[in-house]
Amino acid sequence: MSWVTVTCSMTASVCATLAAMHLLVWFKQRDEWANLFFVLSAVAAAVLAGVELAAMRAETAAQYGVLLRWGHLPSAVLAISIIWFVRLFLQAGRTWLGWVATGTRMLALILNFLLTPNLSFREITGLQQVHWWGGEIVSVPVGLTNPWTIIGQLSQLLLLIFCIDAAIAGWQRGDRRKSLIVGGSAVLFLSVSMLLTIVIVWGGIHIPFSFSFSYLGMIVAMGYELTRDVVVSAQLSRKLKTSEAELRDSEERLLLAAEAASAGLWGLDPKTGRLWTTPKLLEMLGYAPEFNLDLESFLKGVHPEDRDRLRKTIEQAMRSQAETRVEFRSVLPNGQVRWFALRGRSRLASNGESGNLMGVSVDITERKLAEEALWGERALTDAIFDSVPGMLYLYTAQGRLLRWNRQHESMTGYTTEELAHTELKDLFEGEDLATVTAAWKRAFAGQRITIEVNVKARGGATIPCLLTGVRLEFKGQPHLVGIGFDLTEYRKAEQEVMRQRNELAHLSRVTMLGELSGSIAHELNQPLTAILSNAQAAQRFLAHGDVDLEELGAILADIVEEDKRAGEIIRGLRLMLKKSDAQRQTINLNDMVQEVLTLVRSDLLNQIVSAHTELMPSLPAVKGNRVQLQQVLLNLVLNACDAMRGNPTTDRRFYIRTEMSGSEAVTLSVRDRGKGIPSDKFEQVFQPFFSTKQDGLGLGLAVCRSIITAHGGKLWAANSPERGAIFSFTLPIAS
Amino acid sequence: MSKPIHNGAPTIFVVDDDPAVLKSLGRLLRSAGLNVETCNSPQDFLDRHDPAASGCLVLDVAMPGLNGMEVQRALAAIGDERPIVFLTGHGDIPTSVEAMKRGAVDFLTKPVNAEDLLKAIRSAIATDSVRRRERDEVEEIKQRLATLTPREREVLAYVVSGRLNKQIAGELGTAEKTIKVHRARVMEKLKVQSVAELVRLAERLGIRPA
């Protein structure tokens with residue numbers, strides 16, 4: 001056997017073997033069309049090798065022409081197969097270019113069979129025997145080149161271009177190895193065969209047609225790649241089996257875990273609307289375990305109020321790959337309503353379209369109920385908070401405002417947002433802040449605190465407030481809770497009351513002084529009398545010329561003294577008549593008793609009433625409004641005198657007593673020897689317009705009580721065990 | 001039993017419970033050359049005063065213990081007719097009317113002007129002096145009257161009733177001449193010159209005509 005025969009046979013057998021192998025593969029995997037095209041190309045290459053060998057052995061030109069003609073058939077099959085193998089295997093190359101190349105090759109084939117002897121030669125004039133490869137003598141055609149052969153060349157060129165394009169596209173896509181080996185070998189060997197054709201057909205160089213060799217390389221290279229793919233897929237398949245087993249394991253584990261977590265798993269096929277669920281989910285939704293659920297029937301079971309929202313959410317989830325979370329209510333077949341939380345995500349299918357939506361659902365009814373209960377509690381406490389007619393606040397030990405009511409906002413003018421970041425120093429300043437800080441400490445030490453301070457409102461205004469506070473253990477931490485009342489209106493009312501009280505006191509005082517006018521005039525007359533008499537005595541001494549300077553000095557000293565005395569009386573009178581003297585001063589009640597007795601002295605003389613005093617020495621002073629306290633005492637003294645009008649003149653006396661009352665107050669009492677007060681009228685006497693006198697206004701004692709009360713003291717009436725009434729008042733001693 | 005009544009200047013008692021007023025009044029009266037005694041209470045005055053001493057009383061109305069009106073009544077009760085000048089802080093009419101009815105010399109309102117006060121005091125002193133002189137005269141006449149015999153007193157009663165000697169003799173059953181002697185002795189003992197004088201004296205003594 002010659003080398004050529006051997007080589008051709010080997011080429012053919014290799015190609016046939018590869019073809020057979022991949023045919024087998026294709027049979028197993030019918031959708032692997034690349035394999036079929038490879039099989040075709042390999043078969044074609046094998047046939048071509050046979051034809052070429054026969055041609056080399058041809059003995060006549062005619063015989064050669066026929067062989068060459070039939071040789072175009074495998075050659076065309078080979079070319080077309082390569083186009084589509086490359087296209088399918090590399091998943092690259094312009095399809096239209098493939099079709100154009102295919103079409104051109106088909107045209108060339110048709111022309112080949114229409115022309116005689118073939119596409120390559122117009123006429124084969126003879127055969128030339130040439131020495132070739134290994135000293136073999138082979139037949140080489142001699143003749144005229146067929147111009148139509150250009151069509152064949154064109155198809156070859158198109159094939160080459162297609163392969164180059166596909167290889168580049170594959171390379172660029174990243175499949176570098178595949179593109180290099182398949183595309184590269186195709187390009188290389190196609191170039192060689194084209195060159196060969198050109199040389200043989202146009203160049204007149206006498207070598208035999210031996211394309212099959214060049215194709216062999218290409219087929220082997222492609223076969224290698226294809227086989228590698230097969231091997232790789234076999235490996236992958238093995239791995240897949242393992243991982244499938246693992247997947248089944250993990251699936252089972254997942255199911256177990258889901259069961260344990262009372263979670264139901266599900267998957268939704270967006271095309272069919274079929275819903276795949278775990279039995280647990282069916283159970284949760286109240287269906288039998290083997291129930292065949294789809295999206296529509298599932299949505300029917302959803303609470304009408306949630307249905308549309310859920311449907312929209314699911315539709316949206318199917319379009320995007322983002323994770324979806326939604327909570328909804330389902331009405332179970334038994335009528336029970338339960339809450340579910342759903343989480344899911346759509347997976348991208350291999351074709352790039354939306355794939356199955358898969359996810360997990362959990363029954364959250366208990367949580368929802370707890371939440372609702374919590375919200376209910378919160379709403380209740382909020383309502384209670386807001387029902388408080390003042391500010392309500394809950395502070396942490398760090399001084400942060402934790403909770404408050406609506407009034408807190410409306411009173412201070414701060415918004416919810418602002419109050420959430422409010423600290424003590426934002427609400428108080430200066431002395432108030434110090435007061436609050438001190439009270440704060442006491443409250444946390446366990447005391448109940450009540451303070452009056454100014455609260456700084458938004459915009460700088462200050463609101464007088466009464467604040468309370470008490471320590472509260474809340475969530476295991478010490479807190480301070482309390483309420484605050486706006487004292488603005490109260491203060492106004494208080495001032496108004498004070499104004500009216502002063503007004504009334506003044507009125508009462510003026511009335512009383514009116515009654516006393518005679519007595520007062522007398523008191524004033526005494527010093528005036530002394531002054532006038534002294535002065536006139538002096539005038540007379542001077543007129544007589546017997547001036548005793550010593551006597552004159554004494555007279556002048558007396559005049560000055562008496563003038564002062566008159567001045568004092570007038571000053572006291574003016575004070576008493578003055579409208580409002582809110583000033584508080586330190587007062588010694590003993591001194592005050594003497595002042596008042598001076599004022600009423602002549603009245604007492606007129607009524608033949610005697611005053612007796614039992615004054616405690618070094619009595620602590622009190623703080624108060626001198627005029628108003630004098631008024632009280634004066635009132636009590638005059639009342640005592642009035643009470644004794646019916647007594648014989650020898651039994652008209654009253655006693656004024658001062659003493660300590662405990663360690664923090666002093667008591668002054670006026671005891672008369674009148675008829676006393678009926679025991680059911682001890683309180684009534686302090687009522688306004690209650691009077692036992694015919695011409696009395698009935699305001700005196702009412703005014704007295706309001707004065708003493710305003711001084712932080714107490715005024716009350718009682719009867720003396722011996723005889724008459726006792727009116728007493730206590731006043732706190734001045735600190 | 002008669003006491004010396006003109007043994008010195010009249011004394012002015014001043015009673016006021018206000019020491020300053022008392023002192024100034026005393027000073028004023030002394031400046032007028034009067035003899036003054038000041039008392040700081042009615043009781044003090046009652047304890048100290050000598051009813052025989054001439055003069056007057058300047059009395060404050062409103063005082064603790066006894067007031068001025070009561071002092072006036074107390075003096076009247078013991079027959080002390082000392083003239084009183086009342087001083088008052090506020091002169092209310094009922095009080096002043098009562099005081100005047102009871103013989104007060106004046107009722108002055110404080111502060112009192114020196115002239116007014118001195119005028120009242122002088123008037124009071126004069127009143128006191130007249131009163132004392134009259135009382136002295138009556139005393140003397142009474143002493144003279146005491147020297148008459150009962151027959152002479154009978155004759156006196158008839159004489160002041162305007163009877164003639166003859167009529168008296170007829171009434172008493174005696175001689176006209178005897179009556180004439182009695183009449184002369186009565187006029188001599190009572191130191192009168194005429195019947196008219198005798199009648200006036202008898203009136204003062206309160207002898208009623210027979």
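How far apart are the end C-alpha atoms of helix α18 (residues 549-577) of chain A, and what span should its 29 residues have at 1.5 Å a residue? In this predicted model, the expected span of helix α18 of chain A is 42 Å, and its end C-alpha atoms are 42 Å apart, so the two values agree. Within α18(A), the residues Ile555(A), Asp558(A), Ile559(A), Glu562(A) and Met576(A) are buried. An α-helix has 3.6 residues a turn, so residues three or four places apart point the same way. The cover over the buried residues of α18(A) includes α16 (488-515), α17 (517-544) and α20 (626-643) of chain A, and it also includes α1 of chain B.

Helix α1 of chain B belongs to the contact between the two chains, to which chain A brings 23 residues and chain B brings 19 residues. On the side of chain B that touches chain A, helix α1 (residues 19-31) of chain B gives the most, with eight residues. By residue class, this side of chain B consists of eleven nonpolar residues, four polar residues and four charged residues.

Chain A, with 735 residues, of which 36% are buried, contains 21 helices and 19 strands. Of the contacts in chain A with a separation of 6 or more, 62% are made by residues 24 or more positions apart. Among the strands of chain A, five form an open sheet in the order β14-β16-β17-β19-β18, with mixed pairing. Strands β14 (610-614) and β18 (714-719) of chain A stand at the edges of this sheet and each have a single partner strand, so that one side of each is left without a neighbour in the sheet. On average, and with direction ignored, neighbouring strands of the sheet are turned by 20° against each other. Edge strand β14(A) runs parallel to strand β16 (residues 653-661) of chain A, and five bridges join the two; within this pairing, Ala611(A) has Phe654(A) in β16(A) as its bridge partner.

Chain B has nine helices and five strands, and from the N terminus on its elements follow the order β-α-β-α-β-α-β-α-β-α-α-α-α-α. Of the 210 residues in chain B, 34% are buried. Among the contacts in chain B between residues at least 6 apart in sequence, 62% join residues at least 24 apart.

How values were computed
Residues numbered from 1 in each chain as written. Chains lettered and ligands numbered in written order. Predicted model: local features only at pLDDT ≥ 70, side-chain atom pairs only at ≥ 80, totals over all residues. Helix = DSSP H or I, 4+ residues; strand = E, 2+ residues; numbered from the N terminus. Buried ≥ 20, exposed ≤ 12 C-beta atoms within 10 Å, placed from the backbone. Contact = placed C-beta atoms within 7 Å. Nonpolar A, V, L, I, M, F, W, Y, C, P; charged D, E, K, R; others polar. Expected span 1.5 Å × (residues − 1). Pairing = 2+ DSSP bridges. Axes fitted to C-alpha atoms, helices over the stretch in contact; angles between N-to-C directions.
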